[in-house]
Amino acid sequence: METAASASTSTPEGDSGQHAAAAPPRMTTVSKHYFGGASSAHNHDLRVDIIENIEEDYGMFVWPCSVILAEYVWQQRSRFTASTVVELGAGTSLPGLVAAKVGADVTLTDIAHNTEVLNNIRQVCGLNNVNCTVLGLTWGEWDEPTFDLHPDVILGADVLYDSAKFDDLFATVSFLLENSPGAMFISTYHNRSGHHLIELLMVKWGLKCLKLLDGFSFLPSCKAASLQGNIQLVEIALDKGKLNCSSADENNL
């Protein structure tokens with residue numbers, strides 16, 4: 001199964017023999033994700049290992065949107081080879097790690113003050129032997145490193161989960177697209193996010209939808225069987241022709 005854990009470990013830090021004073025253990029698991037071939041342990045072309053913390057919040061767990069976006073990156077890997085990629089709200093970073101493994105120059109970002117998530121991203125990069133830049137980037141905040149980002153592709157898995165943060169997200173996406181002529185934003189999201197609101201905000205921030213797909217339409221059956229939800233994949237660019245998602249061409253891969 002796509003997110004089956006290979007190991008569960010309880011790892012108390014700094015055990016000096018004084019158990020009463022020891023820090024609470026971090027309950028972690030390592031999930032293995034397979035791409036290509038039969039997408040199985042015995043038949044695959046690429047594997048990514050992810051450290052998940054089952055006691056932490058959203059940023060430390062591999063969600064279905066991340067699995068679907070990572071699969072899309074794999075199937076579209078010719079677009080990512082030798083490209084520059086920024087993943088927003090990367091969390092466990094599965095899509096960005098796949099991009100790195102197929103030859104992209106990848107920057108993985110998450111909320112600047114969320115040091116535990118950022119440290120976990122660094123550990124996962126080491127576990128997978130990839131050289132990614134890890135950067136604290138909070139949507140809607142314009143820190144100096146943000147101005148140095150010039151991605152060909154921006155990735156975001158399940159970043160459209162909190163409508164209160166949509167404006168900040170689209171402001172950041174719009175800035176990065178304007179900073180990188182020809183770039184696009186590829187995101188997966190649950191339809192719970194409010195598609196109409198997303199369309200309105202895209203218009204507000206000068207964005208357009210290039211492609212809208214059912215996230216399960218290209219997913220191998222062995223992965224689809226373990227996932228649930230009404231998940232869409234969207235490709236977004238700067239608006240030069242007033243195209244919106246409702247009229248986007250739902251092309252197959």
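Colleague: What makes this an open sheet of 7 strands, and what is the order?

Modeller: This is a predicted model. Its 7 strands run in the order E6-E5-E4-E7-E8-E10-E9, with mixed pairing. The edge strands are E6 (133-136) and E9 (207-214), and each pairs on one side only. The twist from one strand to the next averages 20°.

Colleague: How do you know that E5 and E6 pair?

Modeller: Pairing takes at least two bridges between two strands. E5 and E6 are joined by 4 bridges, so they count as paired. They run parallel. One bridge links Asp-110 to Gly-136 in E6.

Colleague: Which strands does H3 touch, and which does H5 touch?

Modeller: H3 packs on the sheet and touches E4 (84-87), E5 and E7. The direction of H3 makes about 165° with that of E5. H5 (residues 166-178) also packs on the sheet, touching E7, E8, E9 and E10. Its direction makes about 45° with that of E10.

Colleague: Why is Ile-186 called a member of a nonpolar core?

Modeller: Such a core joins buried residues of certain types, Ile among them, through side-chain atoms within 4.5 Å. Buried means under 20% relative accessible area. Ile-186 belongs to the largest nonpolar core, of 46 residues, so it meets those terms. With Phe-80 and Leu-94, Ile-186 touches the most other members. Its contacts include Leu-69, Phe-80, Val-153 and Leu-233.

Colleague: Which element supplies the largest share of this core?

Modeller: H1 does, with 8 residues. Other elements supplying at least two residues each include H4 (115-127) and E3 (46-53). Apart from this core lies another, of 27 residues, among them Phe-170 and Val-173.

How values were computed. Residues are numbered from 1 along each chain as its sequence is written. This is a predicted model: local features need pLDDT of at least 70, side-chain atom pairs count only at pLDDT 80 or more; totals for chains, interfaces and linings use all residues. Side-chain values use heavy atoms; hydrogens and water are left out. Buried means under 20% relative accessible area, exposed over 50%, partly exposed in between (1.4 Å probe, protein chains only). Contact means heavy atoms within 4.5 Å. Axes are lines fitted to C-alpha atoms, for helices over the stretch in contact, and angles run from 0 to 180 degrees between N-to-C directions. Lists of a residue's contacts leave out its neighbours within four places in sequence.
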